[in-house]
Amino acid sequence: MRPIPIVSMTLVMAIASILIPDSALAEMSKKQQAKYPAKDELPNTNDPIVKKWVAEIDWSKVPKLPLAKAEIPNCPDCPKGKKGVPKDACWWTCDGCVAPDDIEVCPREKAWGLTYDDGPSEETPRLLKKLKQANVTSTFFVVGSRVLEYPETLLQQVKEGHHIGLHTWSHAGMTTLTNEQIVAEIKWAEKVVFDVTGLKTKYWRPPYGDVDNRVREIVRQMGYKTVIWTKEWDSNDWQIPDKTITNKEVFRNFKWALSTIPKLKGGVITLEHDLFTQTVNVAGPLLDMGMKKGLEPMDIARCVNDPEPYQNSVLTQKPAAKPAAAVKPAAAAPAKPVTPQAQTPLEAPKVASVHDDDAGEDETIAVKEVKKSGASQLAWSATCLAIVAASAFFSL
């Protein structure tokens, strides 16, 4: 399979660079934040906008599967023995079943689907600096609640050419949720990303990899592709903050995974996280190890040869005439850690009460743009277009 030309992503980067200046910051007021569910809580399914989203699903196509139980809140418990797993569930978490349209590997040899979950966070810019130094782009599966806290970091990720996917609103195990809660978790996360960036996401990763055919069909109807990770290529970095694994053990396990490359029929997709200091600390060394072994890191859209990484295309959108006036952000509370896996108990998610949002209302987050002279802006635009032209020529 011929890799897709990089011209599509280059165009996205170029246009984003023109529309979002280097010192632009997405800033949220308390009033703007109040239009979203409470952070790290299951959204209220009685909210009118959620009911509108739910009504858009053809429920006759959604399998009727039982909700998973969860003694540890947020993360499903697997029944003892596979007999407890419904035959038609294809439940990845509990029986390792991969659906035909699940994305688990990169088709091309040596292609490395580089992904980071649970951010953005205050640690993400440090990771972005490393990726920029290595001239690497990746996919960030973002949690809606974290985007609410760090919108400017999300903008930086887009500007620097990274691909954005969803990781739900509150990081709950999806098979434990009702149909309506699944819709709310996805759509609220989608909405906050769109409000910040103008991009409508297309790829998502279920927290804990927790997905079955009921969840798949619901998110499929919302336009999403499900991304897991390649077996044995979970970095296990999520265990470091819990002190159930050491940095050395993470590196040793990754070294073993790298030794299996000659036996692989295609590329790999790895699982890492950008929420904690400890996980970002190991991200750089892991990147260096993989590249030294000949892996080519890339985002998931390039991994699967998809020239359109979003449901909408930033290339066809006309830029707004003027950005909205800046609104000073409310002081954000420290991010509540989102435990990536089942081993650490979490608080049970609460149902958040949300202000009613008119169905037609879709307020965009205010963006403060630092003024640039017309000449410098024109020069920058010309440079971006030149890069696009060159990329198009060399990709032919």
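User: Happy to look at this predicted model with you. In which loop is Pro-120 found, and which residue does a cis peptide bond join to Pro-120?

Analyst: Pro-120 is found in the loop between β3 and α5. The peptide bond in question is cis, with omega about 0°. The residue joined to Pro-120 by that bond is Gly-119.

User: Thanks! From β3 the chain goes on to β4, so to speak; what is the handedness of that β-α-β crossover?

Analyst: Let's start with the pairing: β3 and β4 run parallel and are joined by 3 bridges. One pair to look for is Asp-117 with its bridge partner in β4, Phe-141. The chain crosses from β3 through α5 to β4, and the crossover is right-handed.

User: Which residues of β4 are buried on each side of the strand?

Analyst: β4 covers residues 139-142, and both of its faces are covered. Thr-139 and Phe-141 are buried on one side. On the other side, the buried residues are Phe-140 and Val-142.

User: Which residue in β5 is the bridge partner of Val-142?

Analyst: β4 and β5 (residues 163-166) run parallel, with 4 bridges joining them. Thr-139 stands opposite His-163 in β5. Both faces of β5 are covered too, with His-163 and Gly-165 buried on one side and Ile-164 and Leu-166 on the other. For Val-142, the bridge partner is Leu-166.

User: Now the open sheet of 3 strands: which are its edge strands?

Analyst: This open sheet has parallel pairing and the order β8-β2-β10. Between β2 and β10 there are 3 bridges, and Gly-113 has Met-298 as its bridge partner in β10. An edge strand here pairs on one side only, and the edge strands are β8 (268-269) and β10.

User: Where does helix α11 bend, and by about how much?

Analyst: α11 (residues 277-292) has 16 residues and spans 24 Å from first C-alpha to last, close to the 22 Å expected. Pro-285 follows the bend within four residues. The bend is at Ala-283, by about 25°.

User: What covers the buried residues of α11?

Analyst: The buried residues of α11 include Thr-279, Val-280, Ala-283, Leu-286 and Leu-287. Several elements contribute to their cover, among them the strands β2 (111-113), β3 (115-117), β9 (272-273) and β10 (296-298). Helices are part of the cover as well, including α5 (124-133) and α10 (247-259).

User: Is Glu-217 buried or exposed?

Analyst: Glu-217 is found in helix α9 (residues 213-221). Setting aside residues up to four places away in sequence, Glu-217 touches Lys-61, Val-62 and Pro-63. Its relative accessibility is 12%, and because buried means under 20%, Glu-217 counts as buried.

User: With which side chains does the side chain of Glu-217 make a polar contact?

Analyst: There is a polar contact at 2.7 Å with the side chain of Arg-220. Another polar contact, at 3.0 Å, is with the side chain of Gln-221. The partners asked for are therefore Arg-220 and Gln-221.

User: Tyr-208 has a positive phi; is Tyr-208 buried or exposed?

Analyst: Tyr-208 lies in the loop between β6 (203-204) and α9, and its phi is near 65°. With a relative accessible area of 5%, Tyr-208 is buried.

User: And is Glu-232 buried or exposed?

Analyst: Glu-232 is found in the loop between β7 (225-226) and α10. Its phi is near 75°, a positive value in a residue other than glycine. Since exposed means over 50% and the relative accessibility is 51%, Glu-232 counts as exposed.

Technical notes:
Residues are numbered from 1 along each chain as its sequence is written. This is a predicted model: local features need pLDDT of at least 70, side-chain atom pairs count only at pLDDT 80 or more; totals for chains, interfaces and linings use all residues. Side-chain values use heavy atoms; hydrogens and water are left out. Helices (H or I, at least four residues) and strands (E, at least two) are DSSP runs, numbered from the N terminus. The expected span of a helix is 1.5 Å times one less than its number of residues. The bend at a residue is the angle between axes fitted to the seven residues ending there and the seven starting there. Buried means under 20% relative accessible area, exposed over 50%, partly exposed in between (1.4 Å probe, protein chains only). Contact means heavy atoms within 4.5 Å. Two strands pair if DSSP finds at least two bridges between them. A crossover is right-handed if, with the strands pointing away from the viewer, the path from the first strand over the helix to the second runs clockwise. A polar contact is a pair of N or O atoms within 3.5 Å; within protein, one must be able to donate a hydrogen and the other to accept it, and residues adjacent in sequence count only if both atoms are side-chain atoms.
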